[in-house]
Amino acid sequence: MLKAKIAVLVSGGGTNLEALLQAQENDTIHSGEIVLTATRNPNAYALTRAKNHGVETLCLPKSQYDQIAFEDKLNDALTARNVDLIVLAGFLSILSADFVSQWADRIVNIHPSLIPAFCGKGFYGLKVHEAALQRGVKVTGATVHLVNEIPDGGRILKQKAIDILPDDTAETLQKRVMEQAEWVLLPEAVEELSEEIALEKGNTDD
Ligand code: GRF
């Protein structure tokens, strides 16, 4: 069967990218293939991770490409590689409504809380976990969702809850949410979406 072609957009450390690459190598992801990693941050360690796994990288720095130029170049690169699915794995820029509508139901994001709690504009990285601790919730987690024009507002695909422990700091909570929820949920969701796309591709190519 034809595999879905996947591009992963990153901004930082890339541990979710690493989880996807490992899932591909151990066959958890077998219906899709990561063909490109793209970023707007030339210093993203995620780029090194991609290269270590032999995945092509594309860097379109914020200093050189404004939002429109970035999305144009990205679209060209995605089209040239026949990409079917875009994964936002710690990608900190917000994509325009125009770009998102061109890729309707084909962009997926991981967010480190149980949406609709602690999400939307301004909720990224440690800020999400700080907000959860400050509010005093006893359970948080991670959410994988499709991306639409509302930040963190698209259809929810998967969620996993993580208990908050009395001694948690934002850092310990972030680590547990990543290890026990994000790195599990994202590869699962990517495989499921890839399988659907691969089936569609198989049908249209017959
Ligand atoms: C993760 O917490 C992810 O949920 C959020 O940004 C963080 C990225 O971490 N969207 P990494 O770059 O994958 O290590």
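**Around the ligand and along the loops**

Let's start in strand β7, where you'll find Ile-162. Helices and strands here are DSSP runs, H or I over at least four residues for a helix and E over at least two for a strand, numbered from the N terminus. Ile-162 has a relative accessible area of 4%, so it counts as buried. For the cut-offs, buried means under 20% relative accessible area, exposed means over 50%, and partly exposed is in between, with a 1.4 Å probe and protein chains only. The C-alpha atoms of Ile-162 and Ile-86 are 26 Å apart, with their positions 76 residues apart along the chain.

Quick housekeeping. This is a predicted model, in which local features need pLDDT of at least 70 and side-chain atom pairs count only at pLDDT 80 or more, while totals for chains, interfaces and linings use all residues. Residues are numbered from 1 along each chain as its sequence is written, and side-chain values use heavy atoms, with hydrogens and water left out.

Okay, the ligand. Which residues surround the ligand? Going round, we have Gly-13, Gly-14, Thr-15, Asn-16, Gly-90, Ile-110, Pro-112, Met-178 and Glu-182. To get into that shell, a residue needs a heavy atom within 4 Å of the molecule. By type, the shell has three nonpolar residues, five polar and one charged. That sorting takes Ala, Val, Leu, Ile, Met, Phe, Trp, Tyr, Cys and Pro as nonpolar, Asp, Glu, Lys and Arg as charged, and the others as polar, Gly among them.

Now look at the ligand's oxygen atoms. A polar side-chain atom of Thr-15 comes within reach of an oxygen atom at 2.5 Å, and a polar side-chain atom of Glu-182 lies 2.6 Å from an oxygen atom. With Asn-16 the partner is a polar backbone atom, 2.8 Å from a ligand oxygen. How much of the ligand does the protein bury? On its own the ligand exposes 370 Å², and 87% of that is buried by the protein. Those areas are from the Shrake-Rupley method with a 1.4 Å probe; for residues, only the protein chains shown count as cover.

The ligand's space is also the largest pocket. A pocket, on a 1 Å grid over the protein atoms alone, is an open set of points with protein on both sides within 12 Å along at least five of seven lines; a cavity is a set where a 1.4 Å probe fits but cannot get out, and lining residues have an atom within 4 Å of a point. A molecule sits in one of these if more than half of its atoms lie within 2 Å of its grid points. The elements giving two or more residues to the shell are α1 (15–25) and α6 (170–205).

Let's take α1 next. Its buried residues are Asn-16, Leu-17, Glu-18, Ala-19, Leu-20, Leu-21 and Ala-23. Glu-18 counts as buried because its relative accessibility is 17%. The side chain of Glu-18 makes a polar contact with the side chain of His-53 at 2.9 Å. A polar contact is a pair of N or O atoms within 3.5 Å; within protein, one must be able to donate a hydrogen and the other to accept it, and residues adjacent in sequence count only if both atoms are side-chain atoms.

Over on α6 there's Val-184. Its C-alpha is 9.3 Å from that of Asn-16, although the two are 168 residues apart along the chain. Val-184 is partly exposed, at 33%.

Leading into α6 is a loop from β7 (156–163), and that's where Asp-168 lies. Is Asp-168 buried or exposed? It counts as buried, because its relative accessibility is 13%. Which side chains does Asp-168 touch? Its side chain makes polar contacts with the side chains of Thr-172 at 2.7 Å and Arg-176 at 2.6 Å.

Last, some backbone oddities. Asp-27 isn't a glycine, but its phi is positive, about 75°. Asp-27 is in the loop between α1 and β2 (32–39), and it is partly exposed at 48%. Phe-118 also isn't a glycine, and its phi is positive, near 50°. Phe-118 is in the loop between β5 and α5, and at 16% it is buried. Pro-116 lies in the loop between β5 (107–111) and α5 (126–135), and the peptide bond from Ile-115 to Pro-116 is cis, with omega near 20°.
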